[in-house]
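Student: Could you pick one part of this protein and walk me through it closely? I'd like to see how it fits in with whatever surrounds it.

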Amino acid sequence: MKLLQKIRRLFSPKLRPPGPDATAGEKGRFGEDLAAQFCLEQLHYRIIARNWRCGHDEIDLICRDNKVLVFIEVRTRKAGARIQGVQSVDRRKRRKLKRACRNYLYRLREPAPHFRFDIIDIALSKKGVGKIRHFPNIQLFSKHFSAVSYTHLRAHETGRNLVCRLLLE
């Protein structure tokens with residue numbers, strides 16, 4: 001396993017911290033790159049998708065942790081910000097993330113037996129160095145929600161009705 005990590009580090013692009021005049025989008029992209037690198041090297045996840053979109057909804061990272069499908073929201077903030085990244089995921093954002101996760105689960109050929117939602121909080125210092133904190137298994141779905149029952153809807157609804165219902169949820 002260590003040999004694979006060394007090879008990955010050798011060929012992975014070096015992350016350059018954003019400059020002091022970087023836009024919020026550039027800082028966010030840097031945070032997502034840091035989070036992806038953290039998922040690969042520290043957590044040993046396998047990245048399935050980055051910035052997966054469905055309509056206006058987006059999931060920053062979709063990974064696999066052994067047999068568990070992991071949806072990850074990355075929040076990048078200045079170091080010392082009053083509101084931490086994990087606290088900045090409000091009810092509206094949770095609703096959008098939940099809708100995006102449901103749409104992703106619906107599109108799978110085989111339903112995922114286990115899945116969870118994580119938040120990775122990145123605090124950027126003025127030098128551009130990020131302090132990474134991982135918050136696993138944040139409650140996004142009700143405890144009775146299952147991907148198996150959700151993908152079962154395909155047999156009972158037409159495509160147009162289901163897409164309209166998913167977008168309204």
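Tutor: Happy to! Here, helices (H or I, at least four residues) and strands (E, at least two) are runs assigned by DSSP, numbered from the N terminus. With that in hand, the order of elements along the sequence reads α-α-β-β-β-α-β-β-α-α, giving five helices and five strands. Please keep in mind that this is a predicted model. The protein has 169 residues, and 38% of them are buried. Among contacts with a separation of 6 or more, 57% are between residues 24 or more positions apart.

The part I'd pick is strand 3, which covers residues 68-78. Let's start with its partners. Strand 3 is joined to strand 4 by 10 bridges, and these two strands run parallel. Two pairs are handy to find on the screen: Phe71 has Phe117 of strand 4 as its bridge partner, and Ile72 stands opposite Asp118, also in strand 4. Strand 2 also pairs with strand 3, this time through five bridges and in an antiparallel direction. One of the pairs here is Asp65 with Val68 of strand 3.

That second pairing leads us to a turn worth a look. Strand 2 and strand 3 form a hairpin with two residues between the strands. Asn66 sits in the loop that links these two strands. Its phi is positive, near 55°, although Asn66 is a residue other than glycine. As for its surroundings, Asn66 is exposed, with a relative accessible area of 69%. Elsewhere in the chain there is another asparagine to look at: Asn137 is not a glycine either, yet has a positive phi of about 55°. Asn137 belongs to the loop between strand 5 (130-135) and helix 4 (147-151), and at 56% relative accessibility it counts as exposed.

Now let's turn inward. In soluble globular proteins, nonpolar side chains tend to be buried together. In this model, the largest nonpolar core holds 22 residues, and those that touch the most other members are Ile59, Ile62, Leu69, Phe71 and Tyr104. Strand 3 is one of the elements that supply at least two residues of this core, along with strand 1 (46-54), strand 2, helix 3 (91-107) and strand 4 (115-124). The biggest share comes from helix 3, with five residues. To see how Ile62 is packed, look beyond its neighbours within four places in sequence: its contacts are Arg46, Ile47, Ile48, Ala49, Trp52, Leu69, Val70, Phe71 and Tyr104. A second core, separate from the other, has 15 residues, including Phe38, Leu61, Ile122 and Leu124. Strand 4, the parallel partner of strand 3, is mostly covered, with nine of its 10 residues buried.

Finally, the pockets. Strand 3 gives the most to the lining of the largest pocket, with three residues. This pocket has a volume of about 280 Å³ and is lined by 12 residues. Nearest its centre lie Lys27, Lys78, Leu124, Ser125 and Lys126. By class, its lining splits evenly into four nonpolar, four polar and four charged residues.

The second largest pocket holds about 220 Å³ of space. Among the residues that line it are Glu73, Val74, Arg75 and Thr76, together with Lys27, Glu32, Glu58, Asp60 and Lys93. Strand 3 therefore appears again, as one of the elements that give two or more residues to this lining, beside helix 2 (24-41) and strand 2 (57-65). Here helix 2 gives the most, with five residues. The classes in this lining are two nonpolar, three polar and seven charged. Lys27 is worth a click, as Lys27 is among the residues nearest the centre of the largest pocket and also lines the second largest.

To pull the picture together: strand 3 runs parallel to strand 4 and antiparallel to strand 2, supplies at least two residues of the largest nonpolar core, and gives three residues to the lining of the largest pocket.

Note on methods:
Residues are numbered from 1 along each chain as its sequence is written. This is a predicted model: local features need pLDDT of at least 70, side-chain atom pairs count only at pLDDT 80 or more; totals for chains, interfaces and linings use all residues. Side-chain values use heavy atoms; hydrogens and water are left out. On a 1 Å grid over the protein atoms alone, a cavity is a set of points where a 1.4 Å probe fits but cannot get out, and a pocket is an open set with protein on both sides within 12 Å along at least five of seven lines; lining residues have an atom within 4 Å of a point. Grid points are joined across faces, edges and corners, and a volume is the space filled by probe spheres set on the points. Ala, Val, Leu, Ile, Met, Phe, Trp, Tyr, Cys and Pro count as nonpolar, Asp, Glu, Lys and Arg as charged, and the others, Gly among them, as polar. A nonpolar core is a set of buried Ala, Val, Leu, Ile, Met, Phe, Trp, Tyr and Cys residues joined through side-chain atoms within 4.5 Å. Buried means under 20% relative accessible area, exposed over 50%, partly exposed in between (1.4 Å probe, protein chains only). Contact means heavy atoms within 4.5 Å. Two strands pair if DSSP finds at least two bridges between them.
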